[in-house]
Amino acid sequence: MISSDSSEGRDDALADRAGYDEGFLGTAVPLPRLTTPGVETVVLPYTHFSVLLRPDRRLAAATAVGIDGEQLVQDVPRTDAWRLDPRVSEDWQTGPEVYRDNSLDRGHLVRRLDPVWGAVAMAVRADGDTFHYTNAAPQADVFNQGKQIWQGLENYLLDHAARYDRRLTVLTGPVLHDSDPPYRGVQVPLRFWKVAVFVRDGTLAATAYVLDQSPDLTRDADRALAGAVPGGPPPLGAFRTYQVPVADVVLLTGLDLGSLPAADVMPPARAPEVRWRLLDAPDETLLGI
């Protein structure tokens, strides 16, 4: 892993970023760590969140953000001022050329509003930090029922934190698979994952989700995904959102999520068709928060 403590290439405007707080929930939830041999990563701290960047894929392998529902600032205007992170090489980032003149959106990994809490100046800075290309991944601009469920899940998490003054940790990233289709010098991820972490009755709890964004899965992609999870997943489809075991996110991504698989609130099931639970609405999730 390339250390984020190095001052090489660091821009003064970002030098004071503390990043994601692993002790935010009162119980340690470490930033995910990639366990794939020979694959380098770099940790980029921002305001209230961090990005684990994979330079070989020019995308984040994972992100982590703490949401403080008691201190959320709701009226920070959206800037949409996307920019490269000057602390790392432009060749390590999926920049504006990938999103130009096509139907791809710069999809936030750490959602814009999640780190926007605290003093107003801090909240404004957090909002701006989410518009770094290191916090984006190519996403199709189609908005159908499945995508709405994914966004509805994000809304549910934020609204719950705000309504009950709760603290949540949210980990998010693309599933970076060798079979992802190439486009303009990057491989576009077909799936995304999210893990919500919270404290329930004094104990750490977690729940995980996978979104499939491929309108037409190829046989090769199906076969590759089936090989990534023992027993294979159920058939996926365009923009469908699934609640899945946290352990399956580990298998899909090669990330070390620490104690989170053991903290999963989803009941265990052996059969893939039961293990991956298709969601038709955000309120069907087994959050238990």
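The following paragraphs describe the secondary structure, the main sheet and the internal spaces of a predicted model.

The secondary structure of the protein chain amounts to 5 helices and 14 strands. Of its 289 residues, 55% count as buried. Among contacts between residues at least 6 apart in sequence, 72% join residues at least 24 apart.

Eight of the strands form an open sheet with antiparallel pairing, in the order E2-E3-E4-E7-E10-E11-E12-E14. The edges of this sheet are taken by strand E2 (42–45) and strand E14 (277–278); each has a single partner strand, so one side of each is left without a neighbour in the sheet. Within the sheet, strand E7 (residues 167–175) pairs with strand E10 (residues 191–200) in the antiparallel sense, over 7 bridges. In this pairing, valine 175 stands opposite arginine 191 of E10.

Two helices can be placed relative to strands of the sheet. Helix H4 (residues 246–253) lies across E7, E10, strand E11 (203–212) and strand E12 (241–244), and runs at about 55° to E11. In helix H1 (residues 120–129), the buried residues are Ala123, Ala126, Asp127, Gly128 and Asp129. Strand E3 (49–54) is included in what covers the buried residues of H1.

A search of the whole structure yields 3 cavities of 30 Å³ or more. The second largest cavity holds about 40 Å³ of space, and its lining consists of Leu34, Arg54, Ala61, Pro174, Leu176 and Thr253. By class, this lining comprises 4 nonpolar, 1 polar and 1 charged residues. Among the lining residues, Arg54 falls within the range of strand E3 (49–54), Pro174 within that of E7 (residues 167–175), and Thr253 within that of H4 (residues 246–253).

The largest pocket has a volume of about 550 Å³. It is lined by 23 residues, of which Arg78, Arg106, Gly107, His108 and Gln151 are the closest to its centre. Strand E5 (104–108), helix H2 (145–163) and E10 are the elements that give two or more residues to the lining of this pocket. The class composition of the pocket lining is 8 nonpolar, 6 polar and 9 charged residues. E10 thus appears in two settings: as a strand of the open sheet and as a contributor to the lining of the largest pocket.

Conventions:
Residues are numbered from 1 along each chain as its sequence is written. This is a predicted model: local features need pLDDT of at least 70, side-chain atom pairs count only at pLDDT 80 or more; totals for chains, interfaces and linings use all residues. Side-chain values use heavy atoms; hydrogens and water are left out. Two strands pair if DSSP finds at least two bridges between them. Helices (H or I, at least four residues) and strands (E, at least two) are DSSP runs, numbered from the N terminus. Contact means heavy atoms within 4.5 Å. Axes are lines fitted to C-alpha atoms, for helices over the stretch in contact, and angles run from 0 to 180 degrees between N-to-C directions. On a 1 Å grid over the protein atoms alone, a cavity is a set of points where a 1.4 Å probe fits but cannot get out, and a pocket is an open set with protein on both sides within 12 Å along at least five of seven lines; lining residues have an atom within 4 Å of a point. Grid points are joined across faces, edges and corners, and a volume is the space filled by probe spheres set on the points. Ala, Val, Leu, Ile, Met, Phe, Trp, Tyr, Cys and Pro count as nonpolar, Asp, Glu, Lys and Arg as charged, and the others, Gly among them, as polar. Buried means under 20% relative accessible area, exposed over 50%, partly exposed in between (1.4 Å probe, protein chains only).
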